[in-house]
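Me: I'm new to this one and would like to learn how to read it. Could you walk me through it?

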Amino acid sequence: MRIETLPEEFVKAQPIIDTIEAAGYEAYYVGGSVRDTLLNLPIHDVDIATSAYPEEVKSLFKRTVDTGIEHGTVMILDHGTGYETTTFRTESGYQDYRRPDSVKFVRSLKEDLNRRDFTINALALKTDGTIIDYFDGLGDLKKHRIRAVGDPEKRFNEDALRMMRAVRFASQLNFDIDADTIAGIEHHGRLLTKIAVERIHVEFVKMLLGNWPAKGLDVFMNTGLYQYCPDFEPYKDQFNQLRSQLTSGLSNETAVWTLLAVTFELSSKQVNQLLKDWKSANQLIDDVQVAVKAVHAITTQTVDAWTLYQTGHDLIAIANEVAGQLGDSTYPTADLLAQYDALQIHAKRALAITGQDLMAAGIKPGPQLGQALNYLERQVVEGQLNNQKVGLLTAAINYLNEKA
Ligand SMILES: Nc1ccn([C@@H]2O[C@H](COP(=O)(O)OP(=O)(O)OP(=O)(O)O)[C@@H](O)[C@H]2O)c(=O)n1
């Protein structure tokens, strides 16, 4: 088969392939960009596979970066775009690529495609639009099927992360997973425990961001794969409940973990533990903690100015999205955001008075100064006081006098 008009990303990359071919090697577009083009989806990165060895690739181009030279990948820089270019290879353990004997460079495209994860990812594209398809990836694309290349057991032994990739693609593409491939996941689920959590994290989140999350979750649950992810084992029922509730993908990673934290009914300490075990960034952990509180306020209909202020614009939208997925929000997001926008201040530094001002008015530095500012902040947020210097000063003095 031949694609008539190639997307411009490929046209732009053609000089790279031409250069490699002119030096007497083969080079093809491979991987996700080929798959997504055939599915009429936008493409992200254009990846190239070549018979040239890494040193040979580097000698052909002025600007290259050794992004993964151990497993044969060199990034070629061309007019601001980077092209990951990987030498054809076979492998005896994807995750062990740092062991020099685990990657064997070969000169044959077919051998290279044969070590790839799924048939839909094992297609190669020539610059003239011809598709090379040794494993009926085109048939599987048509049938909306994710099928391991050759023996699933072998593919999952090479890289157990591929089991997570299978469920992730199911959820992103609304594809079914082939029965033998599912059986492979059932047999090899435990191998996931050998994989770096950071890699599992990426795939798990992509699964829930996909447009058909229930599709991936089905296999994730039915094969028992979930048990081999950090901390998920006790939450079978909650996951199954989610599977039936989730009607569309979530909009970002914070929403994913907030949804899980609420569904699992985790305490703030447990949220922290879960996210730490999943090797999450501190910013994500903080955001999820705040969003979880906001979801509770939304679901119990106790959203007030102070909650909105503490939650902030972006996390309000996320919390309401999560509450909506759970069928528990009665607020349109736009209304909550309008209420938030209408607050007099959106940060403490926007108060019309500072600690300096209070000291200038004779209030001594110390804990009471901070308390007074906190009091003013809350009063202004809640609309009890106007954000004006003179009024705030009087209110601060009265507040401290009453306390004394
Ligand atoms: N564990 C993996 C990861 C990747 N690949 C191969 O390497 C290609 C590129 O991988 P990657 O960029 O991670 O994923 P894409 O398939 O390109 O999908 P996306 O960009 O949507 O993540 C895949 O298509 C597949 O052929 C593989 O065989 N096994």
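Me: How far is an oxygen atom of the ligand from a polar backbone atom of Asn-121?

Reply: Keep in mind that this is a predicted model. N or O atoms within 3.5 Å of each other count as a polar contact. Here the gap between the ligand oxygen and the Asn-121 backbone atom is 2.9 Å. Side chains join in too: an N or O atom of Arg-165 is 3.1 Å from a ligand oxygen, and a polar side-chain atom of Lys-206 is 3.3 Å from one.

Me: How much of the ligand's accessible area does the protein cover?

Reply: On its own the ligand has 560 Å² of accessible area, and the protein covers 81% of that. As for where the ligand sits, the space it takes is the largest pocket.

Me: Which elements give two or more residues to the shell around the ligand?

Reply: Those are helix 2 (32-38) and helix 7 (161-173). Helix 7 supplies the largest share, with four residues. There are 13 residues around the ligand, and Arg-35, Asp-117, Asn-121, Asp-159 and Arg-162 come nearest.

Me: How do the shell residues divide into nonpolar, polar and charged?

Reply: Eight are charged, three are polar and two are nonpolar.

Me: And away from the ligand, how many aromatic pairs does a search of the whole structure find?

Reply: It turns up 21. Take Phe-204 and Trp-278: their ring centres are 5.3 Å apart and their planes meet at 40°, so this pair is tilted. Phe-204 is in helix 9 (residues 197-209), while Trp-278 is in the loop between helix 13 (268-277) and helix 14 (282-299), so the pair ties together parts 74 residues apart in sequence.

Key. Residues numbered from 1 in each chain as written. Predicted model: local features only at pLDDT ≥ 70, side-chain atom pairs only at ≥ 80, totals over all residues. Heavy atoms only, no water. Near = heavy atom within 4 Å. Polar contact = N/O pair within 3.5 Å; in protein donor to acceptor, adjacent residues only side chain to side chain. Areas by Shrake-Rupley, 256 points an atom, 1.4 Å probe, with all protein chains shown as cover. 1 Å grid on protein atoms, 1.4 Å probe; cavity = no way out; pocket = protein on both sides within 12 Å on 5 of 7 lines; lining within 4 Å. Sits in = over half its atoms within 2 Å of the grid points. Nonpolar A, V, L, I, M, F, W, Y, C, P; charged D, E, K, R; others polar. Phe/Tyr/Trp six-rings, centres within 6.5 Å; stacked < 30°, edge-to-face > 60°.
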